[in-house]
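Please look through the sequence and the model below before reading on. The paragraphs that follow move from the overall build of the chain to its cysteines, its charged pairs and one loop residue.

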Amino acid sequence: MEGSVPGVSLRREGCAASAADSLALTLLCSEEQGQGLALARAGAHGPSVLLSPSWAWCNSLSSLFQVVHAHKPHFMALHCQEFGGKNYEASMSHVDKFVKELLSSDAMKDYNRARVYLDENYKSQEHFTALGSFYFLHESLKNIYQFDFKAKKYKKVTGKEIYSDTLESTPMLEKEKFPQDYFPECKWSRKGFIRTRWCITDCAFDLVNIHLFHDASNLIAWETSPSVYSGIRHKALGYVLDRIIDQRFEKVSYFVFGDFNFRLDAKAVVETLCAKATMQTIRAADTNEVVKLIFRESDNDRKVMLQLEKKLFDYFNQDVFRDNNGTALLEFDRELSVFKDRLYELDISFPPSYPYSEDSSQGRQYMNTRCPAWCDRILMSHSAKELILKVSTDLQPPDASTLWPAGSGHGRLHKWMCCSEVVLADQTV
């Protein structure tokens with residue numbers, strides 16, 4: 001902890017290479033028992049962890065182990081999307097070795113209980129999501145239970161167990177893939193969610209691993225505000241939230257974290273970045289379909305500012321997305337606002353998490369494929385927020401980066417308090 005001050009601070013940790021981003025959030029620290037819950041996500045917005053095991057594994061695991069060492073969580077949850085990489089058929093063979101190395105590593109020796117859920121059944125078009133959920137329990141953590149959704153009761157967690165292939169028959173989780181008609185442009189989408197439920201002492205909560213739909217075309221995303229893709233993600237996230245609070249089970253607090261694929265409002269961003277530019281439209285000769293937009297400065301020798309294609313977003317100055325952590329662009333990050341009555345998020349004070357270069361020598365650069373955006377998030381229900389932010393009324397509310405600035409007084413805490421940090425780490429993979 002910075003300055004050994006309890007609180008939630010948000011900072012960026014980086015390496016010289018790129019991009020497989022990871023978030024870690026330590027939550028729910030009991031004053032009496034010192035129990036901490038760490039939430040993390042690692043997704044496909046960077047080189048896949050498993051595409052080249054010789055160099056990706058060591059660095060990805062090293063970054064994770066640094067988080068473990070720094071925060072020493074008693075309960076750690078790691079959510080992965082596109083697990084095994086986008087070329088999953090060729091890469092899935094490496095997954096088992098990766099998991100074995102993770103579970104047997106010296107850095108994780110104090111975690112004597114674990115649950116690993118891997119959706120590896122890529123041959124099942126109807127069910128495959130490529131999601132991976134990892135949960136690690138520290139040996140000092142007592143009285144932790146996991147919910148059996150079939151038996152509708154909690155079971156004490158013991159030992160280490162790995163589940164893969166047919167997760168649909170595993171009663172300790174709920175897994176769903178979104179219907180094909182949610183995103184008809186994609187012939188075989190892997191988007192969906194996995195939900196688990198836990199109880200530490202008398203505190204029950206859901207952890208939901210989620211992967212929502214991407215923007216298939218920059219040109220289509222630019223046409224309307226909000227974009228048609230934003231509407232698709234809205235529908236899918238609403239479906240997930242309705243499922244986890246329906247009447248089948250008791251309602252509990254929940255954390256939803258993963259790759260939401262939230263994008264900036266493309267039309268508004270382009271109109272702002274290119275406010276004084278002129279637009280040139282290029283159409284396909286055979287179909288008359290728009291295939292490219294070129295925005296040029298009105299003067300300055302008509303310098304090209306932005307080129308926009310289906311999978312090209314080439315803006316001449318990437319610094320605008322990094323300066324002051326991209327704060328100037330947060331006004332265009334609007335997709336979560338629809339759910340403000342249902343979801344809460346700590347203030348963002350790090351640069352857009354997507355799409356970092358997949359070239360390890362240019363790890364700080366964004367690829368010229370999409371408009372940079374904060375796709376990867378940790379969200380929570382308002383009741384979950386109360387669990388982690390419940391402090392004495394004489395403490396100030398959190399600002400953009402911290403609940404308690406380094407060097408400030410501890411304040412008087414109620415039973416539940418935040419005990420560590422939110423970390424966005426660029427892993428060298």
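Helices and strands are here taken as DSSP runs, a helix having at least four residues and a strand at least two, and both are numbered from the N terminus. Counted in that way, the chain of this predicted model has eight helices and 21 strands. Of its 429 residues, 58% count as buried, and the surface that the chain exposes comes to about 18400 Å², with carbon and sulfur atoms supplying 49% of that area. Among the contacts in the chain with a separation of 6 or more, 71% are accounted for by residues 24 or more positions apart.

What, then, of the cysteines, and how many disulfides does the structure hold? The structure holds zero disulfides, a result that can be followed at two of the cysteines. For Cys203, the closest cysteine sulfur is that of Cys199, and because the two sulfur atoms are 7.2 Å apart, they are too far from each other for a bond. Cys375 is likewise in no disulfide, the nearest cysteine sulfur being that of Cys371 at a distance of 9.6 Å. Cys203 counts as buried, at 6% relative accessibility, and Cys375 also counts as buried, at 0%.

The charged side chains give another view of how the chain is held in this model. Side chains of opposite charge can pair when their charged atoms come close. With a cut-off of 4 Å between a side-chain nitrogen of Lys or Arg and a carboxyl oxygen of Asp or Glu, the count comes to 23 salt bridges. One of these joins the side chains of Glu174 and Arg248, at 2.5 Å from N to O. This pair links distant parts of the chain, since Glu174 belongs to strand 11 (residues 174-177), whereas Arg248 sits 74 residues away in the loop between helix 5 (228-244) and strand 14 (253-259). The two partners also fall into separate accessibility classes: Glu174 is buried, with a relative accessible area of 12%, while Arg248 is partly exposed, with a relative accessible area of 29%.

Another salt bridge is formed by Arg195 and Asp206, whose closest N and O atoms are 3.0 Å apart. Because Arg195 lies in strand 12 (residues 192-200) and Asp206 in strand 13 (residues 203-211), the pair ties together parts that are eleven residues apart in sequence. Both Arg195 and Asp206 are buried. Which residues are linked with these pairs in a network of salt bridges? The network takes in Glu174, Glu176, Arg195, Arg197, Asp206, Arg243, Asp246 and Arg248, and thus includes the partners of both bridges just described.

A further salt bridge brings together the side chains of Lys385 and Glu386, with 3.8 Å from N to O. Here Lys385 is buried, with a relative accessible area of 19%, which is under the 20% limit for that class, and Glu386 is partly exposed, with a relative accessible area of 44%.

The last stop is a loop residue, Thr224, found between helix 4 (218-223) and helix 5. Thr224 counts as partly exposed, at 38% relative accessibility. A polar atom of the Thr224 side chain lies 3.0 Å from the backbone oxygen of Pro226. Thr224 can also be placed relative to Ala268, which is 44 residues apart from it along the chain, the C-alpha atoms of the two being separated by 9.1 Å.

Definitions and conventions:
Residues are numbered from 1 along each chain as its sequence is written. This is a predicted model: local features need pLDDT of at least 70, side-chain atom pairs count only at pLDDT 80 or more; totals for chains, interfaces and linings use all residues. Side-chain values use heavy atoms; hydrogens and water are left out. A disulfide is a pair of cysteine sulfur atoms within 2.5 Å. Buried means under 20% relative accessible area, exposed over 50%, partly exposed in between (1.4 Å probe, protein chains only). A polar contact is a pair of N or O atoms within 3.5 Å; within protein, one must be able to donate a hydrogen and the other to accept it, and residues adjacent in sequence count only if both atoms are side-chain atoms. Contact means heavy atoms within 4.5 Å. Accessible areas come from the Shrake-Rupley method with a 1.4 Å probe; for residues, only the protein chains shown count as cover.
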